[in-house]
2 protein chains.
Amino acid sequence: MRPTVYIKDLSQHVGKEVILKGWLYNKRSSGKLKFLILRDGTGYVQCVVFKGNVSEEIFESAEKLTQESSFEVKGKVREEKRAVGGFELDVIDLKIISIAHEYPITPKEHGIEFLIDNRHLWVRSKKQVAILKIRHRIIKAIRDFFDQRGFVLFDPPIITPNACEGTSTLFEMDYFDLGKAYLTQSGQLYAESGAMALGKVYTFGPTFRAEKSKTRRHLTEFWMVEPEMAFYNLDDDMDLAEEFIEYIIQTVLKEMKEELKELERDTTNLEKVVRPFPRISYSEAVEILKRKGVDFQWGNDLGGTDETFIGEEFDRPVMIHRYPAEVKAFYMKRDPENPKVALAVDVIAPEGYGEIIGGSQREDDLDALLFRIKEHNLPQSFFEWYLDLRRYGSVPHAGFGLGLERTVSWICGLDHLREAIPFPRMIYRNTP
Amino acid sequence: MRPTVYIKDLSQHVGKEVILKGWLYNKRSSGKLKFLILRDGTGYVQCVVFKGNVSEEIFESAEKLTQESSFEVKGKVREEKRAVGGFELDVIDLKIISIAHEYPITPKEHGIEFLIDNRHLWVRSKKQVAILKIRHRIIKAIRDFFDQRGFVLFDPPIITPNACEGTSTLFEMDYFDLGKAYLTQSGQLYAESGAMALGKVYTFGPTFRAEKSKTRRHLTEFWMVEPEMAFYNLDDDMDLAEEFIEYIIQTVLKEMKEELKELERDTTNLEKVVRPFPRISYSEAVEILKRKGVDFQWGNDLGGTDETFIGEEFDRPVMIHRYPAEVKAFYMKRDPENPKVALAVDVIAPEGYGEIIGGSQREDDLDALLFRIKEHNLPQSFFEWYLDLRRYGSVPHAGFGLGLERTVSWICGLDHLREAIPFPRMIYRNTP
């Protein structure tokens with residue numbers, strides 16, 4: 001019963017009879033002709049029902065089909081340059097599978113809350129289908145990139161006994177008789193143990209932040225990929241990050257032309273995303289802000305607006321390195337040449353999409369790390385296993401994290417992260 | 001500073017000088033010679049330090065190295081059939097990076113609790129490295145299989161507002177002002193909405209069961225892949241499942257020979273995993289049990305021991321279909337030819353590894369599904385969005401779920417799931 005031909009493969013069946021199965025995307029009539037746009041998830045094709053070619057019954061079936069009704073159609077494939085997808089089907093037979101109730105999502109404009117309430121149906125829309133396919137292709141590009149370079153996937157735990165970066169934004173739960181447990185915010189610390197075992201690893205899974213933030217750049221549940229490499233310093237880390245971003249962007253540009261067109265994405269700026277990316281220090285970034293008239297103090301963290309200001313100065317992603325140690329995490333290594341700054345790097349996407357990568361060289365000295373843990377008032381006992389990585393064959397190492405949904409939003413040109421994931425989770429929403 | 005040569009690539013450097021970076025796996029001395037086994041995550045190589053070839057200082061450095069100490073070594077690559085990996089390094093220079101404290105995991109036997117307490121170090125052991133690499137290769141095979149067949153990855157939410165299969169085994173949490181939320185047990189219901197949008201989708205992510213079960217076949221956090229296909233019936237579903245399993249096994253057998261050898265896995269039985277797999281109905285399975293003297297009543301669910309008994313009858317995975325509807329989930333379609341049974345299928349792995357796949361054709365009739373929801377005392381309001389998939393263009397569809405860690409255990413020949421994932425989570429353990 002499963003389909004033997006999908007719409008995306010119609011070019012291989014020109015002049016032949018095929019059976020297609022799917023849903024009615026749109027319909028119009030013109031006297032003895034009915035034009036049915038069928039969608040099957042792989043594409044769209046216009047099915048032409050001519051009264052002279054089919055029985056009365058079949059013509060009436062075509063009449064009955066409502067938006068999103070499911071049906072099976074038999075017909076001859078014809079090349080038709082002007083049609084969607086480049087082909088048309090001359091219908092010979094048509095079987096209704098299920099007539100849809102009045103479909104709530106119509107071509108008219110809907111409010112965003114209504115659309116997210118109906119996310120289980122909204123994903124059928126042309127634009128959402130294109131985004132989801134691009135998301136899939138980005139994920140594949142990410143995995144291919146690391147797999148081809150000798151990285152081993154190293155899935156970190158989701159349920160963790162302690163916090164990686166503070167406890168205020170953690171989702172908490174009871175874990176049997178073992179007390180509280182938390183949803184992971186990052187797999188990095190675990191990835192470091194993997195790098196000591198396997199050399200180069202990456203994690204790729206869901207991460208969580210119970211942040212009371214309602215901006216368009218925040219989800220409470222999002223996917224993150226985090227490579228971690230033994231014997232890499234900050235420069236190596238930046239080399240890898242720029243190669244990685246270039247690979248993702250150029251792969252998607254090459255392979256997802258149709259979907260990007262569907263989204264009306266102007267790809268001019270994406271095409272410029274080729275190595276080398278500009279690399280500036282945090283101090284140089286502060287100079288840029290001051291030159292632009294922003295009242296900014298050395299030592300503060302860069303905010304979203306600051307990042308946008310800096311991003312505007314460059315035609316491709318910009319790497320900002322060596323941040324004041326105070327605004328960065330305890331595990332980042334200090335610059336031996338200037339202990340006020342951490343060997344950290346953030347990569348800022350162009351077009352106002354903000355930080356898409358955050359990374360650093362990690363502190364590999366046991367005593368320095370112990371000192372930081374105390375300085376940050378973190379419970380040392382929680383980090384004994386992490387300290388072990390410095391006790392037993394410590395090596396210089398580095399890594400970074402890339403937020404998947406931010407990357408999808410940037411590439412697709414979306415206003416809000418909520419369309420970059422099938423079922424978005426935000427502070428005020430955990431349904432459907 | 002990053003390594004330019006890794007051990008796995010030594011064959012390309014025979015007769016040349018290379019610099020390797022890694023950790024001391026093992027060491028022995030013989031007069032003027034020191035034999036250092038270096039591991040770098042990609043392999044193992046014996047580095048030969050001959051007193052006559054190096055300075056006193058370097059020879060003393062070699063002396064100082066303890067198990068898991070990190071070092072950098074320069075030397076000439078020589079083919080040596082008898083050595084691990086087939087090559088040896090004649091050492092010219094050696095730099096200590098970090099001397100390891102006394103390493104807790106020694107070649108002697110350790111208790112399993114001790115090893116899991118030290119999981120962050122245990123992952124460096126030869127056997128664990130082999131398992132983790134095979135796990136990675138299995139995951140890649142899974143993704144390649146679906147990507148090559150036109151499936152779109154469709155990540156379901158992890159935080160869900162309601163339970164897919166009962167509430168007793170759910171991890172619960174507070175979700176801001178929206179009340180309780182739960183960690184997902186399965187992405188299937190969401191995948192169904194994806195199949196209606198994209199035709200064929202798969203989910204692949206962590207799933208959770210707060211089961212108070214201490215058996216070797218249970219983790220509270222495990223990864224599951226779940227394909228879902230529009231216009232597939234139970235037979236199509238079984239065709240896909242057997243093609244899928246064959247693909248995974250044969251790919252791993254072909255590409256992970258060395259790692260399987262490291263695990264001393266007898267692959268005789270794995271080699272037999274080729275299509276077609278035997279397909280028997282639940283009723284036929286009951287007959288087998290009775291013939292074997294098991295006191296089993298038609299209508300009960302098959303337990304682990306029953307599955308092992310049935311599995312023993314066949315030389316490859318066996319597909320058991322058409323279970324009593326009462327023991328299966330509410331969303332499974334009844335067999336039109338026998339409404340007592342559901343169009344479900346479980347795939348039982350050989351060698352006692354139990355159920356690795358559970359799947360079914362889904363109920364696509366709105367009224368039948370409404371009836372089941374009431375019959376199971378499930379709150380209809382939670383399932384309105386799911387019912388929408390039957391209101392708007394319902395089609396026959398089917399899917400299944402494969403447990404990743406069970407598959408890894410089977411292929412690697414492991415006794416317990418805890419070694420099949422980097423950081424296992426069990427009822428009595430959520431650390432490190």
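Colleague: What distance, N to O, is found where the side chains of Arg124(A) and Glu68(A) meet in a salt bridge?
Modeller: This is a predicted model, in which local features need pLDDT of at least 70, side-chain atom pairs count only at pLDDT 80 or more, and totals for chains, interfaces and linings use all residues. Residues are numbered from 1 along each chain as its sequence is written, chains are lettered from A and ligands numbered from 1 in the order written, and side-chain values use heavy atoms, without hydrogens or water. A salt bridge here is a side-chain nitrogen of Lys or Arg within 4 Å of a carboxyl oxygen of Asp or Glu. Arg124(A) and Glu68(A) form one, and the N to O distance is 2.8 Å.

Colleague: Into which domains is chain A divided?
Modeller: The bounds come from an automatic or database domain assignment. Chain A is divided into domain 1 (7-98) and domain 2 (119-419).

Colleague: How many residues does the contact take from each of these domains?
Modeller: Contact means heavy atoms within 4.5 Å. The C-alpha centres of domain 1 and domain 2 of chain A are separated by 46 Å. In the contact, domain 1 of chain A supplies six residues and domain 2 of chain A supplies five.

Colleague: Which three residues supply 62% of the area that domain 1 of chain A buries against domain 2 of chain A?
Modeller: Buried area is the accessible area (1.4 Å probe) that two parts lose on being put together, summed over both. Between the two domains of chain A this is about 510 Å², with 46% from carbon and sulfur atoms. On the side of domain 1, no other three residues supply more than Tyr25(A), Arg39(A) and Tyr44(A).

Colleague: How many residue pairs are in polar contact between domain 1 of chain A and domain 2 of chain A?
Modeller: A polar contact is a pair of N or O atoms within 3.5 Å; within protein, one must be able to donate a hydrogen and the other to accept it, and residues adjacent in sequence count only if both atoms are side-chain atoms. Between these domains there is one salt bridge. With both residues at pLDDT 80 or more, the number of pairs in polar contact is three.

Colleague: Which relation holds between chain B and chain A?
Modeller: Copies are superposed by least squares on the C-alpha atoms of residues with pLDDT of at least 70 in both. A rotation of 180° with 0.0 Å of shift along its axis places chain B on chain A, at RMSD 0.0 Å. The relation is therefore that of a two-fold axis.

Colleague: Which residues of chain B lose the most area to chain A?
Modeller: The contact takes 101 residues from each of chain B and chain A. The two chains bury about 8300 Å² between them, 66% of it on carbon and sulfur atoms. In chain B, 10% of what that side buries comes from the three that lose the most, Phe176(B), Phe231(B) and Tyr392(B).

Colleague: Which helix gives the largest share of the side of chain B that touches chain A?
Modeller: The interface has two salt bridges and 40 residue pairs in polar contact. Helices (H or I, at least four residues) and strands (E, at least two) are DSSP runs, numbered from the N terminus. The largest share on the side of chain B, nine residues, comes from residues 126-148 of chain B, helix α4.
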